[in-house]
Amino acid sequence: MTLTGRLVRRPPSGGLLAATYLPSILKGMWITLRHMFRRKVTMRYPEETWKLPPNYRGYPALVRDEQERVKCVACFLCEFVCPPKAIRIEAQEIDTGVEKGPRTFDINMLRCIMCGYCEEVCPEQAIFLTPQYNLVGLSREEMVFPKDRLLEMGGIRPDPIRKWARLTAGAPAGGPR
């Protein structure tokens with residue numbers, strides 16, 4: 001079997017000076033010297049923070065309505081649509097007669113990629129992405145946020161859906177027939 005091809009010409013080595021790496025060292029020192037006199041961009045983090053854009057998506061949180069009721073109805077859509085499977089929900093019946101609610105609602109923040117799918121798919125507008133980005137924990141267990149912590153982070157938001165309006169207006173608990 002005959003080998004075919006052509007001879008590859010290599011660039012010249014640069015001689016003895018290039019073999020000592022002296023030109024590369026001098027070039028690196030020149031770049032360092034140029035950067036020494038530029039304006040610094042160091043930020044003193046806890047005292048100074050970045051100005052985030054208005055559409056920044058931080059970590060997710062659950063919210064309550066004006067009467068401090070949990071807006072989540074445990075429909076499992078956010079758990080289903082979550083790409084890294086960071087959300088885990090267990091449902092229970094609630095005493096309002098409207099729907100079910102979450103017994104447990106856990107988000108593993110080590111898995112969460114802050115994609116916003118959970119916020120987009122929620123029919124009750126019960127989960128929102130907060131503008132916070134400083135997320136710390138000393139263990140893996142601390143980074144799994146339970147329902148109570150998620151509700152504390154989310155706070156209270158107005159409820160445009162008004163799913164409890166028929167109960168508070170004096171309608172029968174069974175609903176319209």
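Leaving aside its neighbours within four places in sequence, A86 is in contact with D106, I107, N108, R111 and C112. In this predicted model, A86 sits in the loop between α3 (77-81) and β2, and with a relative accessible area of 5% A86 is buried, because buried means under 20% relative accessible area. P11 offers a contrasting point of reference, since the C-alpha atoms of A86 and P11 are separated by 53 Å, although the two residues are 75 residues apart along the chain.

From that loop it helps to step back to the chain as a whole. The protein chain has 6 helices and 5 strands, and, read along the sequence, these elements follow the pattern α-α-β-α-β-β-α-β-β-α-α. The radius of gyration of the protein chain is 29 Å, well over the 16 Å that the globule rule gives for 177 residues, so the chain is more spread out than a compact globule. The extents of the C-alpha trace can be read beside that value: along its principal axes the trace spans about 95 × 60 × 30 Å. Of the 177 residues, 25% count as buried, while the surface that the protein chain exposes comes to about 13600 Å², with carbon and sulfur atoms supplying 58% of it. Among contacts between residues at least 6 apart in sequence, 70% join residues at least 24 apart.

The charged side chains come next, and here the count comes to 4 salt bridges. One of them joins the side chains of D65 and R69, with N and O 3.1 Å apart. The two partners differ in how they are covered: D65 counts as buried at 1% relative accessibility, whereas R69, at 23%, counts as partly exposed.

R88 takes part in a salt bridge with E90, in which the closest N and O atoms are 3.1 Å apart, and the side chains of R88 and D106 also meet in a salt bridge, at 2.6 Å from N to O. The pair of R88 and D106 links distant parts of the chain, for R88 lies in strand β2 (residues 87-93) and D106 in strand β3, 18 residues apart. R88 counts as partly exposed at 39% relative accessibility, and E90 is likewise partly exposed, with a relative accessible area of 33%; D106, by contrast, counts as buried at 15%. Taken together, R88, E90, R103 and D106 are linked in a network of salt bridges. D106 also leads back to the starting point, being one of the residues in contact with A86.

Strand β3 comes up again when one turns to helix α5, where the arrangement of residues around the helix can be followed in some detail. Which residues of helix α5 (residues 147-154) are buried? They are K147, L150 and L151. Seen down the axis of α5, these buried residues fall within an arc of 100°, so they line one face of the helix. That face is directed at strands, as the buried residues of α5 pack against β1 (60-62), β3 (100-108) and β5 (144-145). On the other side of α5, D148 and E152 are exposed. The residue that follows α5 is G155, whose phi is positive, near 75°.

A last region to examine is a nonpolar part of the surface. L17, Y21, L22, I25, L26 and M29 form a nonpolar patch there, and together they have about 650 Å² of accessible area. Helix α2 (residues 22-36) gives the most to this patch, with 4 residues. I25, one of the residues of the patch, lies in helix α2, and its relative accessible area of 47% makes I25 partly exposed; it falls short of exposed because that term is kept for residues over 50%.

Key. Residues numbered from 1 in each chain as written. Predicted model: local features only at pLDDT ≥ 70, side-chain atom pairs only at ≥ 80, totals over all residues. Heavy atoms only, no water. Patch = residues over 30% accessible without salt bridge, like charges linked within 9 Å, V, L, I, M, F, W, Y side chains within 5 Å. Areas by Shrake-Rupley, 256 points an atom, 1.4 Å probe, with all protein chains shown as cover. Helix = DSSP H or I, 4+ residues; strand = E, 2+ residues; numbered from the N terminus. Buried < 20%, exposed > 50% of the residue type's maximum accessible area, 1.4 Å probe, protein only. Rg over C-alpha atoms; globule rule 2.2 N^0.38 Å. Contact = heavy atoms within 4.5 Å. Arc of directions from axis to C-beta.
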